Every structure is written in C-alpha cells, then in structure tokens.
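Got the viewer open? Let's walk along the boundary between the two chains, one selection at a time.

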There are 2 protein chains.
Amino acid sequence: MSLRIALLGLLTAAGPASGYDLTKLFESSISNAWQARHSQIYPELNKMAAEGLITVEEKGPRGRKTYAITDEGAHELRVWLIEKGPSRSYRSEGVLRAFLLPTLEPHEAAALLRAEAASYGVRLAELEAIRAAKSSWKEPGFGHHALDLGIRQTRLMRDWAEETAAEIEGTTRS
Amino acid sequence: MSLRIALLGLLTAAGPASGYDLTKLFESSISNAWQARHSQIYPELNKMAAEGLITVEEKGPRGRKTYAITDEGAHELRVWLIEKGPSRSYRSEGVLRAFLLPTLEPHEAAALLRAEAASYGVRLAELEAIRAAKSSWKEPGFGHHALDLGIRQTRLMRDWAEETAAEIEGTTRS
DNA sequence: TATTGACGTGTCACTTTTTACATGTCAATC
DNA sequence: GATTGACATGTAAAAAGTGACACGTCAATA
C-alpha cells in the first residue's frame, strides 16, 4: 500500500513520469522515508494502471512508458492521507543497531556510538549540501519540507549517539 | 537478519525468555525501531535453535519453551554490531505521510500537520510516562538509552509538524 | 567504430513481514 | 461451574521487498 501511495505522491508532485524516472525520484527524495527498487516499482505501476489509478502512454523511443495520475488515483492518495489514522509502521536498522549497542562492553559501545555519530555527521553534511544546491521541483516545497525533516532526523541521531557515548564513558570511569 | 539480531539482543539484555516473552519485549522496547509478530518470532526462534545460536529448554507447564543465547549466538550479535557498516534500511510510514502532505491544498496540509503534531504529542506523553515509571531491566541502561532515543524522535516529529504547519500557513496568507 | 554509461523495462527466486486461522492451559472472577 | 483473559505455541497463505539476471536503446567519447 505504502509503495503505491508514494508513487501516487511522486506523480502528483513531479508530473507525468516513467518508471525509470520514478525509481530515481524515489531514490533522491522519498528514500529518506521509504525505499523501493525498480523491480518492485515496475510491476506496481502496471498493477496501478490496470486498476485505473494512473494512465500509461507508451511513446518510446526506448520503450519508455509515461505514467500520469488519474482523478481516481488522486482520490486514493487523498483518502489515504486524510482518513488513515496515525501509522505505526516504522523500521530503522540504524536505530536497532544503536539500541543493541549496550549488549557490548561499555567501552566498545561507546566507541561504536562515536563511529555511528561520525557516520551520521557525514550523512548530515551530504544532506545539507543537497539542500544548498537545491534544484527546483515542479511542486514547490514538496522536496524542501521532506529534506528538512531528513536533516533534522540525521542530526538527532548524530547528537544522540554522541551524547550517549559521552554518558557511557562518564559512567564507566566513575 | 535484523529480526534474528533483535532477538539475540533481547536475550542478551533480558536473559532467558520464551517466545511469548520475547514477543512482549519486542512490543515494549524495540518496537520503536523494529516490529515483529509472534508468527514471525516463533519460527525464527526454532530456526535459531536449530542453528545453535540459542538453546531451548522445554519446561511447561503450558508448553512453555525457554530460550537462552549461546556463545555462538552472542558472537553472531557481536559480529553484526561491530563489523556491519552503517545501515541504510529505514522505513517510516509516518514520515512518508508527512512527506506527501504537500500534495494536498495548503490549508488541508497544515490542518493535517497540526493533527499529526497533536498525535505525536500524545505519543510523546506516553513515552515520557513510561520513562517516569521506569521499571528495571536486567541489563541496566539498555532500555533507557533506547527510550531516550524514541522520545527524542517523537519530539522531533511533533516539532517538525508544528513548525511546518506554521510555515505553510504563513506562506498561504501572504 | 567500439566501448561505455545513462536510459529504459522487465522477470524470477528468495527472504521478510502481515493477517488470519488454529489450538490449548491456567488462574481468577462471576 | 462457567466464563474470561493472560499465557503459550504454532501454521499457512498472501503481500511486500531484495538481489540477480536479462534484454535492448541511444549518445558520447576513445
């Protein structure tokens, strides 16, 4: 369901696009919240087209198919956004890892937290570079808000890791 | 893989436990980062036992099986934590939803962001109540750090939603 | 002209996760 | 004594997601 909703959202925000375009868009925008490979996207687009949520226009020359959202598709997206209650589905291997670090010796955990923090720091710099170089979207603000959220989350992870490492080190050498 | 690692982590932190216990532990601790139903946990425990990562002790009276981590299991967890590079796998239906809000009319998006913010506020209060009532873990600090991270993330979402709503409203009534 | 790399779509096998069904025990309350 | 609810474990079908394979185009560069 989420994949389908994400695709409808991208088609709304970016206008008609091919599966290839959508795969790239996924990667460059929504990947902060959801991932999908082309091997999942292409079949889903075909299903959605069959169900009338999007239209297909085959125009090549490279066999390219351009998809556009239909009123029905827009309605589905709208209903999902408005009527669906707060979602619980959340998965983060990074948080899981951070969560499990205390199963190591304190000094090891602290070291890994420092490494994690550094890694999040790098990621943070990348995201901020993207924001600085911000290219335009068809729908203004769409990518902007999401990127802002991604930056905040990454900063949070970095700071949490840093502070938790400091806390563990403090407790250890009491 | 992540499920198995999470289970090994729980067995390390909480000591020997049944599938039932682990299901509850999952819910009450790691669910901030990963979710698993009993229908996934039970078969996985059986597989892990067959592979020697955990031991089983059938002792009833209700057919209860108690699992305990083996040295091999502890090693697997350790290797995963230390040797695995920074993970990318991250999915959040909540973030996805927030991301897609701009596909709505600004006033609708702002209204939904306010609702989201309120929802995160409630969740935040729940988490803080849990922290306040903090019961003890076998492994001290294990649950504590994770809970802290969860609280920070929830607060971040709430604040982001609130601020983004304000921003959209500000832009709209220019 | 040959190669390379972005463009472009697809399938298939496998793993992971969800949802629903299925079964039974034990302790406490009605 | 019957019901209820926490305890306790499982299976099976379906959906979602991953990784690898497979095919073919077009433009630019070596």
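Begin with the charged pairs: in this predicted model, six salt bridges run between chain A and chain B. To see one of them, select A:E108 and B:R78; their closest N and O atoms lie 2.6 Å apart. Now widen the search to polar contacts across the two chains, and you get 27 residue pairs, with both partners at pLDDT 80 or more.

Next, colour chain A by secondary structure and look at the side that touches chain B. The elements giving two or more residues to that side are α1 (2-14), α4 (71-83), β3 (90-92), α5 (93-100), α6 (106-132) and α7 (142-172) of chain A. Stop at α7(A), which gives the most, with 16 residues. Switch to colouring by residue type, and that side of chain A splits into 27 nonpolar, 17 polar and 12 charged residues.

Zoom out to the whole contact. Chain A puts in 56 residues and chain B puts in 56 residues. Between them the two chains bury about 5900 Å², and 62% of that is on carbon and sulfur atoms. Which three residues should you pick out on chain A? Try A:R91, A:E93 and A:F99: they supply 14% of the area that chain A buries against chain B, more than any other three residues.

Last stop: select residues 90-92 in both chains. Here β3(A) and β3 of chain B pair in the antiparallel sense, over three bridges. Click on A:S92, and you'll find its bridge partner in β3(B) is B:Y90.

Conventions: Residues are numbered from 1 along each chain as its sequence is written. Chains are lettered from A and ligands numbered from 1 in the order in which they are written. This is a predicted model: local features need pLDDT of at least 70, side-chain atom pairs count only at pLDDT 80 or more; totals for chains, interfaces and linings use all residues. Side-chain values use heavy atoms; hydrogens and water are left out. Contact means heavy atoms within 4.5 Å. Buried area is the accessible area (1.4 Å probe) that two parts lose on being put together, summed over both. A salt bridge is a side-chain nitrogen of Lys or Arg within 4 Å of a carboxyl oxygen of Asp or Glu. A polar contact is a pair of N or O atoms within 3.5 Å; within protein, one must be able to donate a hydrogen and the other to accept it, and residues adjacent in sequence count only if both atoms are side-chain atoms. Helices (H or I, at least four residues) and strands (E, at least two) are DSSP runs, numbered from the N terminus. Ala, Val, Leu, Ile, Met, Phe, Trp, Tyr, Cys and Pro count as nonpolar, Asp, Glu, Lys and Arg as charged, and the others, Gly among them, as polar. Two strands pair if DSSP finds at least two bridges between them.
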